[in-house]
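Q: I would like a close look at a single part of this structure, with its surroundings explained step by step. Please take the side of one chain that touches the other, and show what lies on either side of that meeting place.

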Amino acid sequence: MLKGHLDMIVLAALSAAGPAHGYAIIEEIKRRSGGAFDLPEGTIYPALHRLEQAGLLKSSWMTADSGRRRRVYTLTRNGNRALVERRAVWKQFSDAIGGLLGGAGPRENPA
Amino acid sequence: MIQDYLERLARELSFDRSLSRCVRQEVEDHLWEAVAADSTGDALAAQQRAIANFGDVRAIAAQFAVLSFARHSRRAGVAAVLVIAGVFIAMKARIAWYAAAQWGISDDMRAVSGFVVQIDRYAFWLSLIVGLGGCVYIVSRQIPATFHPAYRRQLRRFFLLCSVAAAALVVSVISDGVLAALLLRGTDLSAGVLVPIVSMAIEIACVGILVVHIRGITLRVASTAALLNA
């Protein structure tokens, strides 16, 4: 289930953390999810590259304090827009599931 | 230990050298940072943990393979359009040269050349329309996280479009070659002869580039499939 939402999770973490490298993004995900999302760390990198190819992120190389080359990712305007859309879809889905599991009566369709 | 892991990862990603280099640097930074953040004080155990948390080399390489394949396919789509445009420019330049030099086809070959011109025209337009269609099709597809069946079908369609465009372009270039040969048949050797010869060489090179890209797709299908099936 987590795999299907990985893109949204990465976008949300980057939105919260600001420009960050892969390790910092993973740490942000762990911190904000209270350690609930403990996925193999390597799976984040293909997702970052894919999101960059889709134009939702951009990256630049810099030299870290350690002297190692580091790739830092930033959310683009399209990435921000995509995150807003995904948040809205997620909220709708979460409300619907919450309504079902909470045993509440049928919700009124706003449309 | 980390170096061994990075070597293995780079080897698995060897199908795309620039990607392999870039991922290696990124992962190296990640793993050493994970080791630095480890508070146990045991460097060897910290490296083991960092590697274990990062995941299986082949599984990561397989995800990158899908990405690399998608990028290569998009590049091939754009290359197809550029190559067809290149052939068009070379063809038009040659025709302009024929007009400027007042070269024409001899009367006895006019019927044959008329037939070849028709083949050339239809083949070229077919390659342009199909090539453009293929490019728009693949560029507008979303890059998937996995090599799922729907994406495989999309790639098959794109490969088919590319192959049809390339085949039509080959026919068009062969027709151009026949027309150039008919024109040069009774012409004395001079520096002006070089213009159609060079323009034909450019057309042939363009077709070669397209064929190399299509071959690249088939090779990547094989390497991606091998990684996914492992």
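A: What follows goes from the contact between the two chains to the core, then to the sheet in chain A, and lastly to the overall form of chain B.

The model is a predicted one, and every value below was computed from it. Where the two chains meet, 20 residues of chain B are in contact with 20 residues of chain A. On the chain B side, three helices each supply at least two of the touching residues, namely α2 (17-37), α3 (43-54) and α4 (57-101). The largest share comes from α2(B), which provides 10 residues. Sorted by the character of their residues, the members of this side of chain B divide into 10 nonpolar, five polar and five charged.

Nonpolar side chains deserve a closer look here, for in soluble globular proteins they tend to be buried together. The largest nonpolar core in this model has 42 residues, and those with the most contacts inside it include A:Val10, A:Leu14 and A:Ile25 from chain A as well as B:Ala61 and B:Ala65 from chain B. Chain A gives two or more residues to this core from each of α1, α2 (22-32), α3 (44-53) and β3, while chain B does so from each of α2, α3 and α4. The helices of chain B named for the contact with chain A thus appear again among the elements of the core. Of the contributing elements, α4(B) gives the most, with 10 residues.

On the chain A side, the strand β3 that takes part in the core also belongs to a sheet. This is an open sheet of three strands in the order β1-β3-β2, with antiparallel pairing, and its edge strands, β1 (20-21) and β2 (57-63) of chain A, each pair on one side only. Helix α1 (residues 6-17) of chain A packs on the sheet and touches β1, β2 and β3 of chain A, with a direction that makes about 95 degrees with that of β3(A).

The two pairings of the sheet can be followed bridge by bridge. Strand β3 (residues 69-75) of chain A pairs with β1(A) over two bridges in the antiparallel sense, and within β3(A) the residue that stands opposite A:His21 is A:Val72. Toward the other edge, seven bridges join β2(A) to β3(A), again antiparallel, and A:Thr63 has A:Arg69 in β3(A) as its bridge partner. These two strands form a hairpin with five residues between them, and in the turn A:Gly67 has a positive phi of about 95 degrees.

Chain B is built in another way, with seven helices and zero strands. Its radius of gyration is 25 Å, well over the 17 Å that the globule rule gives for 230 residues, so chain B is more spread out than a compact globule. Its C-alpha atoms fill a box of roughly 90 × 40 × 25 Å along the principal axes, and buried residues make up 33% of the 230 residues in the chain.

One residue helps to show this extent. B:Gly133 lies in helix α5 (residues 110-139) of chain B, and its C-alpha atom is separated by 49 Å from that of B:Gln47, although the two are 86 residues apart along the chain. B:Gly133 counts as partly exposed because it has 17 C-beta neighbours inside 10 Å, whereas a buried residue would need 20 or more.

Definitions and conventions:
Residues are numbered from 1 along each chain as its sequence is written. Chains are lettered from A and ligands numbered from 1 in the order in which they are written. This is a predicted model: local features need pLDDT of at least 70, side-chain atom pairs count only at pLDDT 80 or more; totals for chains, interfaces and linings use all residues. Helices (H or I, at least four residues) and strands (E, at least two) are DSSP runs, numbered from the N terminus. A residue is buried if 20 or more other C-beta atoms lie within 10 Å of its own, exposed if 12 or fewer, and partly exposed in between; C-beta atoms are placed from the backbone. Two strands pair if DSSP finds at least two bridges between them. Two residues are in contact if their C-beta atoms, placed from the backbone, lie within 7 Å. Axes are lines fitted to C-alpha atoms, for helices over the stretch in contact, and angles run from 0 to 180 degrees between N-to-C directions. Ala, Val, Leu, Ile, Met, Phe, Trp, Tyr, Cys and Pro count as nonpolar, Asp, Glu, Lys and Arg as charged, and the others, Gly among them, as polar. The radius of gyration is taken over C-alpha atoms; the globule rule is 2.2 Å times the number of residues to the power 0.38. A nonpolar core is a set of buried Ala, Val, Leu, Ile, Met, Phe, Trp, Tyr and Cys residues joined through C-beta atoms within 7 Å.
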